[in-house]
Amino acid sequence: MSETKSFSSYRWTICALVFFATTVNYLDRSVISLLKSTLTKELNWTDADYADIEVAFKLMYAFGMVFAGRVIDRLGSKVGYFAATALWSVAAMAHAFVSTTLGFIVVRGALGLTESGNFPAAIKSTAEWFPKKERALATGIFNSGTNIGAILAPASVPFIAEAWGWQWAFIITGAFGFLWLILWIVMYQNPAVHPKVSKEELEYINSDSQEPAQTEETGPKISWLKLLTFRQTWAFALGKFFTDPVWWFYLFWLPDFLESQYGIKGTAVAMPVIVVYTISTVGSVFGGWLPLKFINGGWSVFKARKTSMLIYAFAVTPIVFAQELGSHGMWVAVLVIGLATSAHQAWSANIFTTVSDMFPKRAIASVVGIGGLAGGMGGILLTALVQRNMFVYYRSIGQIETAYLIMFFICGGAYLLAWSIIHFLVPKMEPIKV
């Protein structure tokens with residue numbers, strides 16, 4: 001179906017709202033990495049303390065994802081997304097009122113638990129509002145909010161902390177979530193009943209779906225145990241298990257890498273971090289555009305999705321040379337890391353979309369939650385078993401660059417491994433039959 005002048009496009013307004021929520025989500029979680037140096041001095045943290053705080057976030061995020069997905073499938077997108085954002089905004093602001101390592105472990109865990117609702121709600125909303133062929137593009141656009149949040153953090157947090165103290169950095173960034181809540185409650189409804197959605201747009205949204213347009217999802221809920229019997233669930237979960245930890249590594253350790261390798265810290269870290277995540281934003285949107293181009297060229301949805309993901313997996317591999325190339329200057333390293341984070345975001349836009357490709361709408365948030373649990377557990381294992389001990393050891397002997405070299409090799413191979421597993425489990429990415 002082709003769009004005409006009378007064809008409404010309100011689905012892109014919803015995409016913008018989900019983009020805004022994802023931006024706030026990542027802004028809130030990025031604050032602590034930019035304050036690591038300050039808090040290390042004020043609270044006498046070690047690398048092990050910081051790793052423990054990071055693990056607390058990931059652990060609660062991982063377990064929160066699987067329950068958040070189930071809750072959002074039951075509550076629906078509007079109520080579920082509202083509740084998650086309200087709770088994580090409170091948890092983000094609560095960081096300002098603790099002053100011990102244990103206190104940060106508690107509030108960081110609370111933030112992880114509550115922030116886990118974002119992606120199940122976002123993917124579910126996208127599946128409700130977009131036909132399959134547009135979902136990767138819509139996901140790429142809203143997922144670019146992760147980069148914008150990561151850009152806004154270095155552009156604001158160091159300066160807020162320097163002017164008013166680190167506590168205000170948590171309070172001000174956490175408050176943005178409440179602005180989003182107002183917009184969401186006013187502007188969001190199911191597309192089948194939304195007054196700003198034309199009949200033509202509603203038909204277009206459901207044009208390649210086997211599920212009928214409806215105001216509420218019908219059919220029995222699919223249990224976790226039933227979902228775990230499908231190869232498609234395991235393909236998504238294992239793909240997240242091997243690649244999510246790489247993004248966590250960039251998010252939490254990039255400022256430390258710049259300080260350790262190049263002596264960049266404080267407000268000076270803002271520009272290189274902004275450049276990395278600006279490049280990532282381009283990758284996120286391109287990652288959604290490329291499979292759409294393939295589909296419009298006559299490819300099947302599954303072939304377009306998988307081919308795009310293989311391209312992105314190869315695009316990550318130069319990260320293994322980040323330090324060698326970075327010996328020619330910090331900005332060379334920044335560009336190489338930016339390419340890797342950009343490829344990750346392109347990969348992420350598509351791996352999320354495979355869920356709505358393969359599962360009915362009533363199960364999407366639950367499957368995303370299962371994958372989030374797997375990704376979080378992968379991040380926890382990498383941090384607890386590799387990063388925590390490795391960074392402490394190599395920093396103690398003055399060879400921190402070796403720790404980063406090992407991590408970059410892990411990052412470079414993770415996506416090809418994940419793609420191979422996905423291809424083995426679901427060579428044709430068939431939709432499930434319930």
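At what angle do the axes of helix α1 and helix α3 cross, and within what distance do they come? In this predicted model, the axes of helix α1 (residues 11-34) and helix α3 (residues 47-75) cross at roughly 165 degrees and come within 11 Å. Angles over 145 degrees count as roughly antiparallel, and α1 and α3 are therefore roughly antiparallel to each other. Their crossing is left-handed. On the α1 side, the residues that take part are R29, I32 and S33, and they meet Y50, I53, F57 and Y61 of α3. Sorted by type, the residues of this contact are five nonpolar, one polar and one charged.

Helix α3 also packs against helix α12. Here the axes come within 12 Å and cross at roughly 140 degrees, and the crossing is right-handed. From α3, the residues Y50, E54, F57, K58 and Y61 meet W248, F252 and W253 of α12. This contact is made up of six nonpolar residues, no polar ones and two charged ones. It is worth looking back at the residue names: Y50, F57 and Y61 of α3 appear in the contact with α1 and also in the contact with α12.

A further helix pair is formed by α4 (residues 77-94) and α6 (residues 118-129), whose axes lie 9 Å apart and pack at an angle of about 155 degrees. That angle makes α4 roughly antiparallel to α6. The crossing of α4 and α6 is left-handed. S77, Y81 and W88 come from α4, and they meet N118, A121, A122, K124, S125 and E128 from α6. Four of the residues in this contact are nonpolar, three are polar and two are charged.

The next topic is the interior. The largest nonpolar core holds 133 residues, and those touching the most other members are F104, Y250, Y277, I319 and W347. Helix α12 (residues 231-262) supplies the largest share of this core, with 14 residues. Which residues does Y250 touch, not counting those up to four places away in sequence? With those neighbours set aside, the partners of Y250 are Y277, I319, I337, A340, T341 and C411. Two of these partners, Y277 and I319, are themselves listed with Y250 among the core residues that touch the most other members.

Some single residues help to show how parts of the chain that are separated in sequence meet in space. Is T85, in helix α4, buried or exposed? T85 has a relative accessible area of 1% and is buried. Its C-alpha atom is separated by 9.7 Å from that of T22, although the two residues are 63 residues apart along the chain. Apart from residues up to four places away in sequence, T85 touches G177, W180 and L181.

F20 belongs to helix α1 and gives another view of this region. With a relative accessible area of 21%, F20 is partly exposed; buried means under 20%. F20 and S144 are 124 residues apart in sequence, and their C-alpha atoms are 9.8 Å apart in space. Again leaving out residues up to four places away in sequence, F20 touches F176, L179, W180 and L183. W180 is thus a name to look for twice, being listed as a contact of F20 and as a contact of T85.

V273 lies in helix α13 (residues 270-296). At 3% relative accessibility, V273 counts as buried. Along the chain, V273 and A155 are 118 residues apart, while in space their C-alpha atoms are 8.9 Å apart. Beyond its neighbours within four places in sequence, V273 is in contact with A150, P154, L254 and L258.

One last residue draws attention through its backbone. Most residues other than glycine have a negative phi. N44, however, is not a glycine and has a positive phi of about 60 degrees. Where is N44 found? N44 sits in the loop between α2 (36-43) and α3. At 62% relative accessibility, N44 counts as exposed.

Terms used:
Residues numbered from 1 in each chain as written. Predicted model: local features only at pLDDT ≥ 70, side-chain atom pairs only at ≥ 80, totals over all residues. Heavy atoms only, no water. Axes fitted to C-alpha atoms, helices over the stretch in contact; angles between N-to-C directions. Helix = DSSP H or I, 4+ residues; strand = E, 2+ residues; numbered from the N terminus. Parallel < 35°, antiparallel > 145°, perpendicular 65-115°, else oblique. Left-handed = near helix turned anticlockwise from the far one by under 90°. Contact = heavy atoms within 4.5 Å. Nonpolar A, V, L, I, M, F, W, Y, C, P; charged D, E, K, R; others polar. Core = buried A, V, L, I, M, F, W, Y, C linked by side-chain atoms within 4.5 Å. Buried < 20%, exposed > 50% of the residue type's maximum accessible area, 1.4 Å probe, protein only.
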